[in-house]
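User: Could you take a close look at the disulfides of this structure for me? I would like to know which cysteines pair up, where they sit and how buried or exposed they are.

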Amino acid sequence: MRWGVVAASLLVAACIPKSEPPAVRGDARGSATPDKSALLCMAELRREELGFRALPDRSFANGCSALGAVQLTEIGTPVTNLGAMTCPVARQFARWTREAVQPAAEQWLGSPIKRIESMGTYVCRPVNGQAGAKLSEHGRANAVDIGAFVLEDGRRITVEEGWTGEDERVRRFLRTVHQAGCRRFGVTLGPDANVHHRDHLHFDMGRGPYCR
Ligand SMILES: [Zn+2]
(Lines give C-alpha, C1' and ligand atoms only; values in the text may rest on other atoms or scores of the structure.)
Protein backbone atom coordinates (compact mmCIF):
# COMPACT_ATOMS: atom_id res chain seq x y z
CA MET A 1 0.00 0.00 0.00
CA ARG A 2 1.29 3.44 -0.86
CA TRP A 3 2.12 5.85 1.93
CA GLY A 4 -0.65 8.25 0.98
CA VAL A 5 -3.22 5.50 1.29
CA VAL A 6 -1.83 4.39 4.62
CA ALA A 7 -1.80 7.95 5.92
CA ALA A 8 -5.34 8.60 4.78
CA SER A 9 -6.65 5.48 6.47
CA LEU A 10 -4.78 6.18 9.67
CA LEU A 11 -5.97 9.76 9.83
CA VAL A 12 -9.42 8.50 10.56
CA ALA A 13 -8.25 6.04 13.21
CA ALA A 14 -10.91 6.15 15.82
CA CYS A 15 -11.23 7.65 19.18
CA ILE A 16 -14.11 7.46 21.53
CA PRO A 17 -16.58 9.89 22.99
CA LYS A 18 -16.32 10.83 26.65
CA SER A 19 -19.59 9.18 27.53
CA GLU A 20 -18.55 5.64 26.65
CA PRO A 21 -17.79 3.28 29.52
CA PRO A 22 -14.13 2.27 29.73
CA ALA A 23 -14.52 -1.32 30.83
CA VAL A 24 -15.34 -4.43 28.87
CA ARG A 25 -18.94 -5.35 29.41
CA GLY A 26 -21.69 -7.36 27.84
CA ASP A 27 -21.95 -11.01 26.93
CA ALA A 28 -18.75 -12.62 25.84
CA ARG A 29 -17.21 -15.97 25.17
CA GLY A 30 -13.60 -16.65 25.93
CA SER A 31 -10.99 -18.50 27.87
CA ALA A 32 -9.29 -17.57 31.10
CA THR A 33 -5.79 -18.34 29.84
CA PRO A 34 -3.89 -15.71 27.85
CA ASP A 35 -1.69 -16.87 24.98
CA LYS A 36 2.08 -17.11 25.27
CA SER A 37 2.95 -13.64 24.00
CA ALA A 38 0.52 -12.11 26.47
CA LEU A 39 2.06 -14.14 29.29
CA LEU A 40 5.54 -12.96 28.31
CA CYS A 41 4.31 -9.39 28.26
CA MET A 42 2.74 -9.77 31.69
CA ALA A 43 6.06 -11.10 32.99
CA GLU A 44 7.58 -7.83 31.76
CA LEU A 45 4.98 -5.86 33.67
CA ARG A 46 5.94 -7.73 36.84
CA ARG A 47 9.63 -7.20 36.19
CA GLU A 48 8.98 -3.47 35.83
CA GLU A 49 7.10 -3.60 39.14
CA LEU A 50 3.81 -2.46 37.65
CA GLY A 51 0.59 -3.30 39.44
CA PHE A 52 -2.02 -4.95 37.24
CA ARG A 53 -4.55 -7.70 37.06
CA ALA A 54 -4.93 -10.00 34.08
CA LEU A 55 -8.40 -10.01 32.56
CA PRO A 56 -10.00 -13.10 31.01
CA ASP A 57 -9.92 -13.23 27.22
CA ARG A 58 -13.18 -12.04 25.73
CA SER A 59 -14.46 -12.16 22.15
CA PHE A 60 -17.73 -10.62 21.11
CA ALA A 61 -20.02 -11.62 18.25
CA ASN A 62 -19.71 -8.20 16.63
CA GLY A 63 -15.95 -8.55 16.14
CA CYS A 64 -14.79 -6.71 19.24
CA SER A 65 -12.45 -8.41 21.63
CA ALA A 66 -10.19 -7.99 24.61
CA LEU A 67 -7.51 -10.66 24.32
CA GLY A 68 -4.46 -10.82 26.55
CA ALA A 69 -5.75 -7.72 28.29
CA VAL A 70 -4.90 -6.32 31.68
CA GLN A 71 -6.11 -3.59 33.96
CA LEU A 72 -3.30 -1.45 35.31
CA THR A 73 -3.68 -0.72 39.02
CA GLU A 74 -0.37 0.87 40.03
CA ILE A 75 2.14 2.44 37.66
CA GLY A 76 3.57 5.15 39.88
CA THR A 77 1.15 7.86 38.74
CA PRO A 78 -2.62 7.58 39.28
CA VAL A 79 -4.57 7.39 36.02
CA THR A 80 -8.35 7.79 35.96
CA ASN A 81 -10.72 5.84 33.79
CA LEU A 82 -8.35 3.07 32.68
CA GLY A 83 -10.16 -0.06 31.58
CA ALA A 84 -9.03 -3.13 29.69
CA MET A 85 -5.88 -2.73 27.61
CA THR A 86 -3.94 -5.35 25.71
CA CYS A 87 -0.74 -6.00 27.58
CA PRO A 88 1.55 -4.30 25.01
CA VAL A 89 -0.48 -1.10 25.16
CA ALA A 90 -0.46 -1.23 28.96
CA ARG A 91 3.30 -1.81 29.05
CA GLN A 92 4.03 1.07 26.67
CA PHE A 93 1.59 3.34 28.46
CA ALA A 94 3.25 2.69 31.82
CA ARG A 95 6.69 3.34 30.30
CA TRP A 96 5.42 6.54 28.63
CA THR A 97 4.08 7.77 31.95
CA ARG A 98 7.23 7.05 33.91
CA GLU A 99 9.92 7.79 31.34
CA ALA A 100 8.35 10.68 29.46
CA VAL A 101 5.37 12.33 31.13
CA GLN A 102 6.81 12.87 34.59
CA PRO A 103 10.21 14.13 33.35
CA ALA A 104 8.53 16.42 30.78
CA ALA A 105 6.28 17.87 33.48
CA GLU A 106 9.30 18.62 35.65
CA GLN A 107 11.18 20.11 32.72
CA TRP A 108 8.47 22.29 31.19
CA LEU A 109 6.00 22.90 33.99
CA GLY A 110 8.16 22.69 37.11
CA SER A 111 5.83 20.29 38.89
CA PRO A 112 5.31 16.53 39.00
CA ILE A 113 2.11 15.05 37.65
CA LYS A 114 -0.38 14.14 40.34
CA ARG A 115 -2.90 12.42 38.09
CA ILE A 116 -3.41 11.60 34.43
CA GLU A 117 -6.94 11.69 33.07
CA SER A 118 -7.71 9.01 30.52
CA MET A 119 -10.72 9.24 28.26
CA GLY A 120 -10.97 5.48 27.96
CA THR A 121 -9.43 2.33 26.58
CA TYR A 122 -11.76 -0.46 25.46
CA VAL A 123 -14.95 0.46 23.65
CA CYS A 124 -16.61 -1.49 20.86
CA ARG A 125 -17.17 0.88 17.98
CA PRO A 126 -16.02 1.71 14.45
CA VAL A 127 -13.36 4.33 13.78
CA ASN A 128 -14.45 7.78 14.88
CA GLY A 129 -17.82 6.27 15.74
CA GLN A 130 -18.89 6.34 12.09
CA ALA A 131 -21.16 3.52 10.89
CA GLY A 132 -19.55 1.36 8.23
CA ALA A 133 -15.99 2.28 9.14
CA LYS A 134 -13.58 -0.44 10.17
CA LEU A 135 -13.29 -1.49 13.78
CA SER A 136 -11.37 0.93 15.98
CA GLU A 137 -8.31 -0.32 17.84
CA HIS A 138 -10.38 0.60 20.90
CA GLY A 139 -12.64 -2.31 19.92
CA ARG A 140 -9.68 -4.63 20.46
CA ALA A 141 -8.68 -3.01 23.77
CA ASN A 142 -5.57 -1.96 21.88
CA ALA A 143 -5.73 1.79 22.46
CA VAL A 144 -5.84 4.48 25.12
CA ASP A 145 -6.95 8.13 24.97
CA ILE A 146 -5.48 10.81 27.24
CA GLY A 147 -7.26 14.10 27.79
CA ALA A 148 -5.60 15.91 30.67
CA PHE A 149 -2.82 16.05 33.24
CA VAL A 150 -3.29 17.32 36.80
CA LEU A 151 -0.14 18.73 38.37
CA GLU A 152 0.92 18.54 42.01
CA ASP A 153 0.80 22.35 42.07
CA GLY A 154 -2.92 22.22 41.28
CA ARG A 155 -2.92 23.15 37.61
CA ARG A 156 -4.88 21.02 35.17
CA ILE A 157 -3.43 20.83 31.67
CA THR A 158 -5.90 19.74 29.00
CA VAL A 159 -5.02 18.74 25.47
CA GLU A 160 -7.99 20.69 24.17
CA GLU A 161 -7.02 24.03 25.72
CA GLY A 162 -3.28 23.62 25.98
CA TRP A 163 -2.28 22.36 22.56
CA THR A 164 -2.70 25.76 20.91
CA GLY A 165 -3.07 27.79 24.08
CA GLU A 166 -1.15 30.89 25.11
CA ASP A 167 1.29 29.20 27.50
CA GLU A 168 4.33 28.15 25.51
CA ARG A 169 5.58 25.83 28.24
CA VAL A 170 2.27 23.98 28.23
CA ARG A 171 2.43 23.68 24.45
CA ARG A 172 5.98 22.33 24.71
CA PHE A 173 4.98 19.85 27.41
CA LEU A 174 2.10 18.50 25.33
CA ARG A 175 4.23 18.19 22.21
CA THR A 176 6.99 16.51 24.17
CA VAL A 177 4.67 13.82 25.52
CA HIS A 178 3.04 13.44 22.09
CA GLN A 179 6.44 12.85 20.50
CA ALA A 180 7.34 10.47 23.31
CA GLY A 181 4.20 8.54 22.43
CA CYS A 182 5.36 8.30 18.83
CA ARG A 183 8.51 6.54 20.01
CA ARG A 184 6.59 4.00 22.08
CA PHE A 185 3.30 3.23 20.31
CA GLY A 186 2.43 2.05 16.81
CA VAL A 187 0.05 4.93 16.20
CA THR A 188 0.01 8.29 17.99
CA LEU A 189 -2.59 10.92 17.13
CA GLY A 190 -3.18 14.36 18.59
CA PRO A 191 -4.97 17.59 17.72
CA ASP A 192 -2.92 18.03 14.54
CA ALA A 193 -4.19 14.69 13.20
CA ASN A 194 -7.85 15.60 12.70
CA VAL A 195 -10.83 17.20 14.40
CA HIS A 196 -11.70 13.97 16.20
CA HIS A 197 -8.50 14.33 18.23
CA ARG A 198 -8.74 18.01 19.14
CA ASP A 199 -9.15 17.18 22.82
CA HIS A 200 -6.97 14.12 23.43
CA LEU A 201 -3.92 12.10 22.55
CA HIS A 202 -4.66 8.68 21.09
CA PHE A 203 -2.13 5.86 21.40
CA ASP A 204 -2.52 2.36 20.02
CA MET A 205 -0.50 -0.71 19.12
CA GLY A 206 -2.28 -1.48 15.87
CA ARG A 207 -0.75 -0.52 12.54
CA GLY A 208 2.00 1.99 12.18
CA PRO A 209 4.37 3.51 12.77
CA TYR A 210 2.31 6.63 12.39
CA CYS A 211 2.75 9.89 14.29
CA ARG A 212 0.70 13.00 13.86
ZN1 LIG B 1 -8.48 6.82 20.69
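Analyst: Happy to help; here is a walk through the disulfides, one pair at a time.

A word on the basis: this is a predicted model, in which local features need pLDDT of at least 70 and side-chain atom pairs count only at pLDDT 80 or more, while totals for chains, interfaces and linings use all residues. Residues are numbered from 1 along each chain as its sequence is written, and side-chain values use heavy atoms, with hydrogens and water left out.

The structure contains 3 disulfides, a disulfide being a pair of cysteine sulfur atoms within 2.5 Å. If you count the bonded cysteines along the chain, the pairing reads 1-3, 2-4, 5-6.

Let's begin with Cys41 and Cys87, whose disulfide has an S to S distance of 2.1 Å. This link is left-handed, with -90° about the S-S bond. It connects distant parts of the chain, 46 residues apart: Cys41 belongs to helix H2 (residues 36–47) and Cys87 to helix H3 (residues 87–109). Helices here are DSSP runs of H or I with at least four residues, strands are runs of E with at least two, and both are numbered from the N terminus. Cys41 counts as buried because its relative accessibility is 3%, and Cys87 is buried as well, at 0%. For these words, buried means under 20% relative accessible area, exposed means over 50%, and partly exposed lies in between, using a 1.4 Å probe and protein chains only.

Next comes the disulfide of Cys64 and Cys124, with sulfur atoms 1.9 Å apart. Its 85° about the S-S bond makes the link right-handed. Cys64 is found in the loop between strand S2 (58–59) and strand S3 (65–66), and Cys124 in the loop between strand S7 (113–120) and strand S8 (143–151), so the bond ties together parts that are 60 residues apart in sequence. Cys64 is buried, at 1% relative accessibility, whereas Cys124 is partly exposed, at 32%.

That leaves Cys182 and Cys211, which form a disulfide with their sulfur atoms 2.1 Å apart. This link is right-handed, with 75° about the S-S bond. Cys182 is part of helix H5 (residues 168–182) and Cys211 is part of strand S12 (residues 210–211), so the pair joins parts that are 29 residues apart in sequence. With 18% relative accessibility, Cys182 counts as buried, while Cys211 has a relative accessible area of 36% and is therefore partly exposed.
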